[in-house]
Every structure is written in C-alpha cells, then in structure tokens.
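Here are my notes after a look through the model, in numbered points. Keep the structure open while you read them.

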Amino acid sequence: MTIRRRLIGAFGASVLSPLVSIFIQLINVPVMLRFWGAHLYGEWLIISTIPAYLLLTDFGFGNVAGSDMTMRVHAGDTEGAIESFQSIAAFVLVMSLLLGALLSAVVFLLPVHRLLHLTSMSPRQTQLSLLFLSINCLVILQWNFINAGYRCAGKYATALVYVNVIRILEGASFLVLLFLHAGPVQLSMLMLGISIVGTSWLLFMKSRLIPWLPLGLRHARWQRVRELT
C-alpha cells in the first residue's frame, strides 16, 4: 500500500470516529432519558465520568511508542520495534493492575454513594457500577499500545475501523438492554464485556495481520520505557 493510500485511509477513519460518537449519542441519550429519567441518567453521567479519567493514565506512552516503533520499522529495526511494543505493553498492563487494585479498595472502603450525594442509585448499585466502569476503562487503556502496533505496520486506519465497529456494537447493545429495562449495573457489565471481547479481537487480528510483532514479555525492557519517557 502506498503512503498516499495510507494517509487517505487514516484520514477517512479519523473522520469516522467523531461521526460514530455523534450518532451513538444522538440515539442513546434520548433513549436513556426515556427509560431512566433525568435524575438517574444524571447520576449515571457522574459515575461514568470519573473512571474516564483513567484513560489518561498511560501518560501518552501509546502515542510515543507508536511513533518510536514506526520510525524503527522504516529504518529496518524490527527487533527494536518489538522491544518498544512489549516494553510499553508490560508497563501499561502493570499500571492498569495497580490502578485496578487501588480503585477496588477505594470503591468498597469509601462511602462513595454518600460522597457523590446519589439518591436514584443504591449504595450497592453505585459500588458495582463504578467498579465495572473503572475496569472497563482500564481494559480500553490497553488499546493504546495495541493501536501502536497497527500504526507502525501502516494499518492505523484498520485499527480505527475495528475500534469504531466495537463502539457501534456497544451502542446497539446499550439500546437492547435499555428496552429490556436494564439498570446501571447491567449496562456497566455490558460495557466491560464488550471491551474485553473487543480487545481480544484487536489482538487476534494484530496477530493475523502483523505476525512479526508478537505480544509477550520476552523483549520487554525497563530501559526502553525510560527512553520513551
């Protein structure tokens, strides 16, 4: 594939992302207001916004790794690209596990329900929804280094298409559960389940499309993480 076609594909896929977001919101928001009401929907927005900040916790390592790997691949240094990929993958995974353990303690030890002044959701619903949403964000966090792998192989547009398909499936599943009168806990579990399946799909397709870039710890180096920092 030529550079021109890659640029066109990446631009098209990038334009698709905000369009998908707008489309999903235009449908899901009124449906959620219809079935949940403004009060419960407002509380859902509160608890779902907090875990979203977890998506910033890789400190941009996914983008940095993508640039580093792309330059190494074009310079013929595939071994260096593999080392960067596995190093950042290990770093993000360890950070995610530590954050997951910390958040689990916070959610179940602190009176989150009272601190947020929630009334439509019970304390148990608040705890479980917040926990599932937090884990969901930590799973999505892994997409940063996975997409870096696609990017260095010139398949950035392909990764964006896969991600948008996952988001569309999530939005459609949302509607189904809402029509079945599901609550916040069920929806947060759905989001987590789809993210896990989506992550597995991204990794599976990466192994098929980019077999020379394996996932593992064999080539992970702390020194490479420091260099990228």
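1. Start with L202, and keep in mind that this is a predicted model. Setting aside residues up to four places away in sequence, L202 touches W143, I146 and Y150, and also Y162, V163 and I166. Three of those partners, W143, I146 and Y150, are among the buried residues of α6. The other three, Y162, V163 and I166, are listed among the buried residues of α7.

2. L202 also belongs to a bigger picture. The largest nonpolar core has 52 residues, and L202 is one of those with the most contacts inside it, together with M32, W44, M69, I88, Y150 and L187. The elements that give two or more residues to this core are α1 (3-52), α2 (61-74), α3 (78-109), α5 (123-141), α6 (143-152), α7 (156-179), α8 (184-209) and α9 (222-228). Which of them gives the largest share? That is α3, with 9 residues.

3. Now α6 itself. Helix α6 is largely enclosed by the rest of the structure, because 8 of its 10 residues are buried. The buried set runs W143, F145, I146, N147, A148, G149, Y150 and C152. What covers them includes α2, α3, α5, α7 and α8. After the helix comes G154, with a positive phi near 75°.

4. For α7, I looked at the length. With 24 residues at 1.5 Å a residue, α7 should span 34 Å, and its end C-alpha atoms are 35 Å apart, so the two agree. Its buried residues are A157, A159, L160, Y162, V163, N164, I166, G171, F174, L175 and L178. Just after α7 there is another positive phi to look at, that of H181, at about 65°.

5. On to the charged side chains. How many salt bridges does the structure hold? It holds 4, and D68, R72 and D77 are linked in a network of them. In one of these, the side chains of D68 and R72 meet at 2.9 Å, N to O. Both residues lie in helix α2, 4 residues apart, which is about one turn of the helix. R72 also meets D77 through their side chains, again in a salt bridge at 2.9 Å, N to O.

6. The two acids in that network sit in different surroundings, and it's worth checking each. Is D68 buried or exposed? With a relative accessibility of 12%, D68 counts as buried, because the cut-off for buried is under 20%. D77 comes out as partly exposed, its relative accessible area being 29%.

7. D68 has a further polar partner. Besides R72, the side chain of D68 makes a polar contact with the side chain of S84, at 2.5 Å. Not counting residues up to four places away in sequence, D68 touches S84, R224 and L228. Take a look at that spot in the viewer, since R224 comes up again in the next point.

8. E83 and R224 form another salt bridge, with the closest N and O atoms 2.9 Å apart. This pair links distant parts of the chain, since E83 is in helix α3 and R224 is in helix α9, 141 residues away. R224 counts as buried, at 8% relative accessibility, whereas E83 counts as partly exposed, at 21%. For E83 the label is worth a second look: buried means under 20%, so its 21% falls on the partly exposed side.

9. Last, Q86, which is found in helix α3. Its relative accessible area is 2%, so Q86 is buried. What does the side chain of Q86 reach at 2.7 Å? That is the backbone nitrogen of H219. On the other hand, the backbone oxygen of P214 lies 3.1 Å from a polar atom of the Q86 side chain. Leaving aside neighbours within four places in sequence, Q86 is in contact with P214, L215, G216, L217, R218, H219 and A220. So if you are viewing that stretch, put Q86 in the same frame, because its side chain has a polar atom 3.1 Å from the backbone oxygen of P214 and, being at 2% relative accessible area, Q86 is buried.

Methods. Residues numbered from 1 in each chain as written. Predicted model: local features only at pLDDT ≥ 70, side-chain atom pairs only at ≥ 80, totals over all residues. Heavy atoms only, no water. Core = buried A, V, L, I, M, F, W, Y, C linked by side-chain atoms within 4.5 Å. Buried < 20%, exposed > 50% of the residue type's maximum accessible area, 1.4 Å probe, protein only. Contact = heavy atoms within 4.5 Å. Polar contact = N/O pair within 3.5 Å; in protein donor to acceptor, adjacent residues only side chain to side chain. Expected span 1.5 Å × (residues − 1).
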